[in-house]
Amino acid sequence: MKREDTVRNAHFLADRRWFFPIVIAGLIAGAIVTSSFIKAADYSLLCSVANTVSPQGVGNGSATPIQLQAIIHYATSRITPQQNFREISVTFDVLKKRSPCNFLVFGLGYDSMMWTSLNPNGNTIFLEEDPKWVQTVLKDAPVLHAHPVKYRTQLKEADALLSHYRSEPSCFPSEAYLRGNDKCKLALTGFPDEFYDTEWDLIMIDAPRGYFPEAPGRMAAIFSAAVMARNRKGTGVTHVFLHDVDRRVEKVFAEEFLCRKYLVKSVGRLWHFEIPSAANMSSQGGAQFC
């Protein structure tokens, strides 16, 4: 997740199942309209969000504390989420159906408060490569659930890592696992227990950095998301959202591990995959994921 990017877009602040008081939505709408940093077209998004509030929602609940904090945060800040509003809408549409859920986000950034508020009463955690950045963000938003993590890869190794996976049995889809899998260089190891012990319903890959040779790149995150999705025990699919697919490595690794046949939506620089568990796949064997 590139923290230096501050794309001008809308703030998603409601869902049909979590009622946001109309007066608060009106205040935020006013903030968006008057802000010189937000595109006028983005106002339509907030209107569409407000229209999703159902009569049942009015009677069943109100905004949670984290949602109210998110409203204040974005209404008083010139810094907005990294993705544009069309890209955010893709994940938002899934959260409207699946929340509360287990939501794993690679990266901690200006959109973290938004993602947490859009999964009220759910479990949203963020994995960030820069420990100092974690401290900075949590100082201002201590309600966020974030872990500093270390990656074993570098972007310049991407091609070599593909060759390694094709020859290393512990990377094969039928054998792949994550925790303690030191033989497979693409497996994320040494991460917090919560990462391994939770069955994730949604996985957002918008980090780590992948725009210079020594950066960790997103190769291991993409591979590990595919492994976790295939190992799912619960019902339904795992939704995987990959950002920055305009870059070669993200695109190549997505097509290798997340699979074109599971790609259900492409908006801007975001791809949305719905990956079934291995038990529900028509073909499970072989040394390739797709």
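**Group meeting: Thr116 and strand 5**

Okay, let's begin with Thr116: leaving aside residues up to four places away in sequence, Thr116 touches Ile66, Thr124, Phe126 and Leu144. Keep in mind that this is a predicted model. If you want to find Thr116 on your screen, look in helix 6, residues 112–117.

So, is Thr116 buried or exposed? Its relative accessibility is 12%, and buried means under 20%, so Thr116 counts as buried.

Now let's move over to strand 5, which covers residues 238–243. How many of its residues are buried? Six of its six, so to speak: the strand is mostly covered. Have a look at where the residues point, too. Thr238, Val240 and Leu242 go one way from strand 5, while His239, Phe241 and His243 go the other way. Both groups are buried. In general, side chains in a regular strand alternate between the two faces of the sheet.

Next, who sits beside strand 5? One partner is strand 4, residues 202–205, and the two pair in the parallel sense over four bridges. To see one of those spots, find Leu202, whose bridge partner in strand 5 is His239. There's a helix in this story as well: strand 4, helix 10 (residues 219–230) and strand 5 together make a right-handed β-α-β unit.

Another partner is strand 7, residues 270–275, and here the pairing with strand 5 is antiparallel, over six bridges. Try picking out His243, which stands opposite Leu270 in strand 7.

So if you click on strand 5, you can follow its pairing to strand 4 and to strand 7. That's it from me, thanks!

Key: Residues are numbered from 1 along each chain as its sequence is written. This is a predicted model: local features need pLDDT of at least 70, side-chain atom pairs count only at pLDDT 80 or more; totals for chains, interfaces and linings use all residues. Side-chain values use heavy atoms; hydrogens and water are left out. Buried means under 20% relative accessible area, exposed over 50%, partly exposed in between (1.4 Å probe, protein chains only). Contact means heavy atoms within 4.5 Å. Two strands pair if DSSP finds at least two bridges between them. A crossover is right-handed if, with the strands pointing away from the viewer, the path from the first strand over the helix to the second runs clockwise.
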